[in-house]
Each structure stands twice: as structure tokens, then as C-alpha cells.
Amino acid sequence: MGRRVRSVAEHGRMRLSSDEAKREQGGYALLAEARQVLLPGYPLTELMKVWFEDHAFFDQMRRFDPTERSNDRKFFLRELLKLVDHLDGDTAEAGVYEGAASWIICQARGQRSTHWGFDSFEGLSAPSRRDGDFWSAGDLAASETSARALLEPLGAVVFKGWIPEVFAQAQIDRLVFAHVDVDIHDPTLASFEYFYDLLVPGGVIVCDDYGFTPCEGAKQAVDEFMADRPENVIHSPTGQGIVIKQARRG
Ligand SMILES: C[S@@+](CC[C@H](N)C(=O)[O-])C[C@H]1O[C@@H](n2cnc3c(N)ncnc32)[C@H](O)[C@@H]1O
């Protein structure tokens, strides 16, 4: 670890002028001190990660989320799509909202897949007891018209309706990648039930909400569904939960 940190620091010194490097190190030290006072449980991450300099990515994401808070998940989503680059089949998303994740999926797959998006566009359905008290029905409503204007030119098929009933409108043959981002238990479970069986071996399901305390119901749904299946759920430090479907044995 010590050796690795030194080499990253050396790289940083080459990249930045000495004034810039001092300012960056000073800013980081201040941030670390402020963190101890303001948010002691919040883990700082390292400086000088290569992806921080992917300016094209940040420019693309700013149109969706000016706060930039979900950029780590969006960046990782784009990387996870590489796992299915060699596979033929469609992609899907439960919980389209303004379309950011679906847009990333469509960009990654191009014309070789159909992307199927599902959303009420009226926000969340009613949370259950498992969801705690963070969410309310109707939170996160979004414009169906804007989502369609963004995604349909990329070949996506967007359905408006409540999960799980809305799934009956689609005719999906097989999936290579599914993104589940509906925040609460019941539609998360229903999405895993629907998508998992359609997924080819090597295909991937990502639950965007798996590692977030306000989304405890979504995590329970994934764990409940995966309990008697052979795959492990990979819990990413970004908060995503990832399942890579295995081939059936025997
Ligand atoms: C966090 S947002 C999705 C964010 C989106 N994936 C993105 O990349 O920005 C959650 C979405 O789930 C939708 N949703 C939640 N429960 C639903 C249900 N039972 N049926 C249909 N849509 C639902 C909401 O309308 C909302 O648009």
C-alpha cells in the first residue's frame, strides 16, 4: 500500500505544478479536518483517481445531475456494461426517472440491443413497513415526455405504468443487462423476479439502491430474492449491488 500511494503521489506531482499540488494537498487536509467535525462517519476517498480527470464523462453527467452526487455510480455503471459487451440480448431499466442511467446503457450498447424502460413517471409506489419512513408514495415523479425525448431517439422503448403490472406490456426475449432503481422493496423484488429469468448466463443485474440506508427495503428485496440462488450479491462501495448470472449446472 505504501509503495502504491507513493507512486500515485509521484504521478500527481508530475501532473500538477508545485503550487497546484500544494493547494490540492492543503485543500484535502482541510477537508479531512472539516469531515472530523461535520460528518465523522463519512469516509474520505483518495485524491488523484484517474477517473476524476474524465472531463468528457463529467460534462455528460452534468445535464442530468448538477449536484454530481451520483457520478461514482454512473461511472461504475458504464464500466459494468463492459462485462456484457460480448453478449447478444437486450437491456432494461426499472425506474427510468429522467433517463440518466438508461441513457448510459443505450450509449454503451448502440444499435445492437433494444433497451426497455419502465416507470410510473408518477414517482414511487406506496412504501411498505420494510422501507422505513424515509420515502413517501409519489416521491421522485418525473416527466415522461422528457424521458421519451431523450431515450427514444436512441432506440429505447419506454413504458409508463406501475411495476409489476407494466411489465406485461413488454415483449422481451432475453436480457444481458438490467438496472433496477426503484428505491423501495416491492417493485425491487418484482423487478428481480421479472428480469432474473430473462437474463442470459453472464448477464448482469445492478440494484442502484442496494447500499443506501434509506433504501433498506430494496436491499432486503435483493437479499430475499437471491437467498436461494447460486450467485452472490457484490456490494460495491458506490452503493450498488451487482449480480452476475451463472450458467445452470448439470
Ligand atoms: C431514483 S429514481 C430512478 C433514477 C434513474 N434510474 C436515473 O438513472 O436517474 C426512481 C424511479 O422509480 C420509479 N418507481 C418507483 N416505484 C415504482 C413502481 N412501483 N412502478 C413504476 N415506477 C416506479 C419512480 O417513478 C422514479 O422515477
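In this predicted model, helix α4 (residues 71–80) and helix α5 (residues 100–109) have axes that come within 10 Å and cross at roughly 30°. An angle under 35 degrees counts as roughly parallel, and α4 and α5 are therefore roughly parallel to each other. The crossing in which α4 passes α5 is right-handed. On the α4 side, the residues that meet α5 are Lys74, Leu77 and Arg78, and their partners in α5 are Ala100, Ala101 and Ile104. Sorted by class, the residues of this contact comprise four nonpolar and two charged, with no polar ones.

Helix α4 also packs against α3. Here the angle is about 115°, and the axes of α3 and α4 lie 11 Å apart. The crossing of α3 and α4 is right-handed. From α3, the contact draws on Phe57, Phe58, Gln60 and Met61, while α4 contributes Asn71, Lys74, Phe75 and Arg78. This contact of α3 with α4 holds four nonpolar, two polar and two charged residues.

How much of α5 is covered? Eight of the 10 residues in α5 are buried, and the helix is mostly covered. The buried residues are Ala100, Ala101, Ser102, Trp103, Ile104, Ile105, Cys106 and Arg109. The elements that cover them include the helices α3, α4 and α6, together with the strands β1 (90–94), β2 (115–119) and β4. Just after α5 comes Gly110, which has a positive phi, near 65°.

It helps to turn next to the nonpolar interior. In soluble globular proteins, nonpolar side chains tend to be buried together. In this model, the largest nonpolar core has 30 residues, and Trp103, Leu151 and Phe177 are those with the most contacts inside it. At least two residues of this core come from each of α3 (55–62), α4, α5, α6 (144–151), β4 (175–180) and β5 (199–207). The largest share, six residues, is supplied by α5. A second, separate core has 29 residues, and Phe118, Ile163, Val180 and Ala221 are included in it.

Trp103, one of the buried residues of α5, gives a closer view of these surroundings. Leaving aside its neighbours within four places in sequence, Trp103 is in contact with Gln60, Met61, Arg63 and Phe64, and also with Leu150, Leu151 and Leu154.

Which partners does Arg63 touch, not counting residues up to four places away in sequence? They are Trp103 and Leu150. Arg63 sits in the loop between α3 and α4. Its relative accessible area is 53%, and a residue counts as exposed over 50%, so Arg63 is exposed. The C-alpha atoms of Arg63 and Glu93 are 20 Å apart in space, and the two residues are 30 residues apart in sequence.

Is Gly203 buried or exposed? This residue lies in strand β5. Its relative accessibility is 0%, and the cut-off for a buried residue is under 20%, so Gly203 counts as buried. Not counting residues up to four places away in sequence, Gly203 touches Val84, Leu87 and Val176, as well as Val243, Ile244 and Lys245. Gly203 and Ala178 are 25 residues apart along the chain, with 8.3 Å between their C-alpha atoms.

Terms used. Residues are numbered from 1 along each chain as its sequence is written. This is a predicted model: local features need pLDDT of at least 70, side-chain atom pairs count only at pLDDT 80 or more; totals for chains, interfaces and linings use all residues. Side-chain values use heavy atoms; hydrogens and water are left out. Axes are lines fitted to C-alpha atoms, for helices over the stretch in contact, and angles run from 0 to 180 degrees between N-to-C directions. Helices (H or I, at least four residues) and strands (E, at least two) are DSSP runs, numbered from the N terminus. Angles under 35 degrees count as roughly parallel, over 145 as roughly antiparallel, 65 to 115 as roughly perpendicular and the rest as oblique. A crossing is left-handed if the near helix is turned anticlockwise from the far one by less than a right angle, and right-handed if clockwise. Contact means heavy atoms within 4.5 Å. Ala, Val, Leu, Ile, Met, Phe, Trp, Tyr, Cys and Pro count as nonpolar, Asp, Glu, Lys and Arg as charged, and the others, Gly among them, as polar. A nonpolar core is a set of buried Ala, Val, Leu, Ile, Met, Phe, Trp, Tyr and Cys residues joined through side-chain atoms within 4.5 Å. Buried means under 20% relative accessible area, exposed over 50%, partly exposed in between (1.4 Å probe, protein chains only).
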